[in-house]
Amino acid sequence: MGAKTKSVGEINEKIGDGSVRVVTADRMTEIVRELGAEEAAREVDVVTTGTFGPMCSSGVFLNFGHADPPIKMQRVWLNDVEAYTGVAAVDAYLGATQLSEERGAEYGGGCVVEDLVAGRAVEVKAVGYGTDCYPRKEVETTITLEDLNQAVMLNPRNAFQRHEVGTNSTDRTLYTYMGTLLPNYRNANYCGAGSLSPLCNDPDFETVGVGTRIFLCGATGYVVGAGTQHDPANRFGTLAVSGNLKEMSTEFLRGATFYGYGVSLYVGLGVPIPVLNAEVARKAGVSDAEIETEVVDFGVGRRERPVLRRVSYEELKSGAIEIGIGRGSKGSKGSKGGTEKEVKTSPLSSFFMAKRVAEELKSRIEAGEFLLSVPVERLPTPAESVFKPMKQTEELPLVKDVMLRETPTISERASIADAAKLITESQTTHIPVVSANEKLVGIVTAWDISTAVAKREEGLAEIMTRKVVTTDLEQCLELVIRKLERHNISALPVVDADRRVLGMVTSDEISKLVGKKRKRWQWRLR
């Protein structure tokens, strides 16, 4: 005999009389494995989920009340972090990732939100342009959360169904929204709570939708719609959520700084899954081994980064994964070809706090303090959602569009005199140095040669720069400019996968291109 279908109303009656049976999502995995989905649906009424991780697309609406004389805030700062004021006279939206104007990436919107919830005083500075009804032009004051009329958390995108894993193929450290990625695949960072994650337990949005009551940073919150970048076709569903900041706790909410990148907000979010039938029970019994995502190379600064392999959360939580270096295969469970390398994994999310969220939500339901709600509208399904990239009316130029293709090279066995002669004849200031098999091994400049001649040095190998910063044909020019600025150089050799020199990109050529673009824009504005 199959499990009886339940309703949210019937489950709420059980919450009211204290007979409800609630388990956390990780326990549900064990129950479904032991008893099967049918029996699990009879035994369990609610599965509580939880996640606690950096959720950059978060923020708060604040109402400051009117000053005397009143002011229409044109710009406002909280602890030197600017909030958006284009809504009304004394309303503002403070985004979690907005940086401090004085402290930069050391402090930002997420930190201000934590300070407010912690009861700390926050300095407010606002300016306006003055009108007949809002004559004041400046105001400075100090507030706490209790001084605000309303403080509403409204997060456009939280609770990613799953998240990509970040690693780094380059020879330098990268500072990203996936944390610090060490050179040469020395680590891999990931996000999400695996089998505890809310949308992993309801992947088809059968019970979670608009109006679903949730646990949000210690308060009762609600799903207000599909989150931005909601992409259910690729199992990247997201939630837009809201709740009362005044009811939240710093136990489940923390501002965070990512070194070299910026600021975020750690959000504790839990969704109750009503076990309406055996199919809901089966999906809520998902295990870490069944949840997969992609390992992506952040060393490629493009929208479409190379996918090195697919990996399960069970593997990620083990502390290390194998990556095939050289030939990643998009969509493959493992890597095909290349050299296998063991890469240490680290979570940006807290599994301890994710479990803490799920346990707290479970306790509130069992105590009759938290009732379930029926969604008033389902979230968009794969057939109803299309996730599109940005429309760009003008593509950024690539290295291959501006590089000098007829670039002279010189052997590492050449003399200083040979290099001086080549520089004079080619009228260039940078000469790539190559090995016997034509691979790049160094670079020399006109300054290097001049200095070597003055010191009467003879061998080119003694003076060349061996650690050469390079680029490839498909790299965006904007990334090349960043390399030039970071290393304080004026040219980069363009190489292929075997480090054979294809050409050279120089600051002079980039300046010419920028000048042409500036003239074109000036013509358009006439």
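Good morning. I begin with N187, which is buried, at a relative accessible area of 8%. Please bear in mind throughout that the model before you is predicted. N187 belongs to strand β16, which covers residues 187-190. What does the side chain of N187 reach at 3.0 Å? Its partner is the backbone oxygen of T180. T180 also appears among the residues that N187 touches beyond four places in sequence, together with G166, T167, L181, L182, V343 and K344.

Let us turn to R303. Is this residue buried or exposed? R303 is exposed, because its relative accessible area is 56% and the cut-off for that class is over 50%. It is found in the loop that joins β24 (292-297) to β25 (307-312). Setting aside neighbours within four places in sequence, R303 is in contact with P389, M390 and Q392. As for T471, which is 168 residues away from R303 along the chain, the two C-alpha atoms are separated by 17 Å.

The two strands on either side of that loop deserve a word. β24 and β25 pair in the antiparallel sense, over five bridges. Within this pairing, T293 stands opposite V311 of β25. Why is β25 described as largely enclosed by the rest of the structure? The reason is that six of its six residues are buried.

I now come to the aromatic rings. Across the whole structure, a search finds nine aromatic pairs. One of them is formed by F52 and Y266, with a tilted arrangement: 5.6 Å centre to centre and 45° between the planes. This pair links distant parts of the chain, since F52 is in strand β3 (residues 51-54) and Y266 in strand β22 (residues 262-270), 214 residues apart. F52 counts as buried at 6% relative accessibility, and Y266 is buried as well, at 14%.

Another pair, Y175 with Y259, is edge-to-face, at 5.3 Å centre to centre and 75° between the planes. Here too distant parts of the chain are linked: Y175 is in strand β14 (residues 174-176), while Y259 is in the loop between β21 (253-258) and β22, 84 residues apart. Y175 counts as partly exposed at 37% relative accessibility, whereas Y259 counts as exposed at 66%.

Finally, I would mention a cluster and two charges. Y177, Y261 and F298 form one aromatic cluster. Over the face of F298 lies R305, at 4.4 Å from the ring centre. Similarly, the charged end of R162 sits over the ring of F236, 4.1 Å from its centre. Thank you for your attention.

Technical notes: Residues are numbered from 1 along each chain as its sequence is written. This is a predicted model: local features need pLDDT of at least 70, side-chain atom pairs count only at pLDDT 80 or more; totals for chains, interfaces and linings use all residues. Side-chain values use heavy atoms; hydrogens and water are left out. Helices (H or I, at least four residues) and strands (E, at least two) are DSSP runs, numbered from the N terminus. Buried means under 20% relative accessible area, exposed over 50%, partly exposed in between (1.4 Å probe, protein chains only). A polar contact is a pair of N or O atoms within 3.5 Å; within protein, one must be able to donate a hydrogen and the other to accept it, and residues adjacent in sequence count only if both atoms are side-chain atoms. Contact means heavy atoms within 4.5 Å. Two strands pair if DSSP finds at least two bridges between them. Rings of Phe, Tyr and Trp (its six-membered ring) pair if their centres lie within 6.5 Å; planes under 30 degrees apart count as stacked, over 60 as edge-to-face and the rest as tilted. A charge sits over a ring if NZ of Lys or CZ of Arg is within 6 Å of the ring centre and within 35 degrees of the ring normal.
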